[in-house]
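Me: Could you walk me through the ligand site and the enclosed spaces of this protein?

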Amino acid sequence: MTRRIDLRSDTVTRPTPAMYKAMAEAELGDDVLGDDPTVHKLEEAAAAKLGKEAGLFVPSGSMANNIAIKTHTKPGDEALFDWEAHSLCMEVGGPAALAGVLTRQFRSPGGVPDVDEIAAAIRPETLHSPGTRLLVLENTHNRLGGAIIPLDVHRHLFSLAKETGMMVHVDGARLFNAAVATGTPASEFAAQADSVSFCLSKGLGCPVGSLLCGTRDFVERARRVRKLFGGGMRQAGILAACGVVALETMIERLADDHSNAKRLAMGIHGLPGTCVDVEAVATNMVYLTTTGSAKPIEDKLAERGVLCIATSPKRIRLVTHKDVSAADIEEAIEVFRLTINI
Ligand SMILES: Cc1ncc(COP(=O)(O)O)c(C=O)c1O
């Protein structure tokens, strides 16, 4: 098989040898019955990393978000999302279908939420209006180029939320990318939210799984919602074992993905008919804007072994991760130059 450099997503990563070993040796129970020791170990480690009281192991990032939204709200409540939020755009309408919330959008220029717009949107529950009960933030922001929400913006929004009786959920699918890129512990971001989810199955390299963390009371209510959504898993320790390895060994290395993304952006910057904002590359994502159609470029790159995704008619997304080396990035840049110069 021809070698492929797969830049479609950080979800394509394969487990490390240490993860396979941990899976084979994992001590198991039945997590729906509450006695899988490896799941307990992972949930405690995740909560400790985020400085929260408790954690809940769930099958996916989408389920983590939807469990959080349903646990924080009642049907008819209003929840605020960024226009491009994954939970709003890419989770099949989960907030409406599963939690019955009214969704309202705010802008995030450059990936940073517009605080004034959020403040203006908040409304109390009255005889006529739904109450704005929940603010959902995404850090880092997938569809906005892997952008980081700065800690002071989180602080500002969390105090605004507490003044107005609103809960804050952070979709931190890639929160550790934000932590590593800024040198800020993930717990400092998490302190500015009522609940935080993060994914093991993205840059951290696990095959499956996400964590949802918050207070003990929140997590116990979320556990019931997980059951409602069919997310209770039995010998889940097999998967949790990978997560424990990921939290111990896979966080600091995200810095390599970030430098690879920057190098990739610089290498493909200025190719004819395309534009890359090199300065905007903050973590492990690079977005290339094309003047013509993006899809034929995706196809031609794939013929030469470089995989990426045209996420919209004139945009291509490239994501770096642990299974793409610095040498692969140089090779990918060469393939881009050959393909786009023709
Ligand atoms: C920011 C963000 N949140 C949530 C998810 C959903 O994760 P999953 O694919 O595990 O459902 C993704 C997936 O790419 C994401 O990028």
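Here are some questions and answers about this predicted model.

Me: Which helix gives the most to the shell around the ligand?
Reply: Happy to help! The ligand sits in the largest pocket, and its neighbours include Ser-60, Gly-61, Ser-62, Asn-65 and His-86. With 3 residues, the top contributor to that shell is helix 3 (residues 61-72).

Me: Which side chain has an N or O atom 2.7 Å from a nitrogen atom of the ligand?
Reply: Let's go through the polar partners one by one. Asn-142 has a side-chain N or O atom 2.8 Å from a ligand oxygen, and for Lys-202 the distance to a ligand oxygen is 2.9 Å. The ligand nitrogen, at 2.7 Å, pairs with the side chain of Asp-171.

Me: How many residues of the shell around the ligand are charged?
Reply: Glu-91, Glu-138, Asp-171, Arg-174 and Lys-202 are among the residues surrounding the ligand. By class, the shell has 1 nonpolar and 6 polar residues, and the charged ones number 5.

Me: Which element supplies the largest share of the lining of the largest cavity?
Reply: Good one! That cavity has a volume of about 50 Å³, and helix 8 (175-182) and strand 7 (195-199) each supply at least two lining residues. The largest share, 3 residues, comes from helix 8.

Me: What is the volume of the second largest cavity?
Reply: The structure holds 2 cavities of 30 Å³ or more. The lining of the second largest includes Asp-82, Phe-106 and Glu-138, with strand 5 (residues 132-138) giving the largest share. The space inside this second largest cavity is about 40 Å³.

How values were computed. Residues are numbered from 1 along each chain as its sequence is written. This is a predicted model: local features need pLDDT of at least 70, side-chain atom pairs count only at pLDDT 80 or more; totals for chains, interfaces and linings use all residues. Side-chain values use heavy atoms; hydrogens and water are left out. A residue is near a molecule or strand if one of its heavy atoms lies within 4 Å of it. A polar contact is a pair of N or O atoms within 3.5 Å; within protein, one must be able to donate a hydrogen and the other to accept it, and residues adjacent in sequence count only if both atoms are side-chain atoms. On a 1 Å grid over the protein atoms alone, a cavity is a set of points where a 1.4 Å probe fits but cannot get out, and a pocket is an open set with protein on both sides within 12 Å along at least five of seven lines; lining residues have an atom within 4 Å of a point. A molecule sits in a cavity or pocket if more than half of its atoms lie within 2 Å of its grid points. Helices (H or I, at least four residues) and strands (E, at least two) are DSSP runs, numbered from the N terminus. Ala, Val, Leu, Ile, Met, Phe, Trp, Tyr, Cys and Pro count as nonpolar, Asp, Glu, Lys and Arg as charged, and the others, Gly among them, as polar. Grid points are joined across faces, edges and corners, and a volume is the space filled by probe spheres set on the points.
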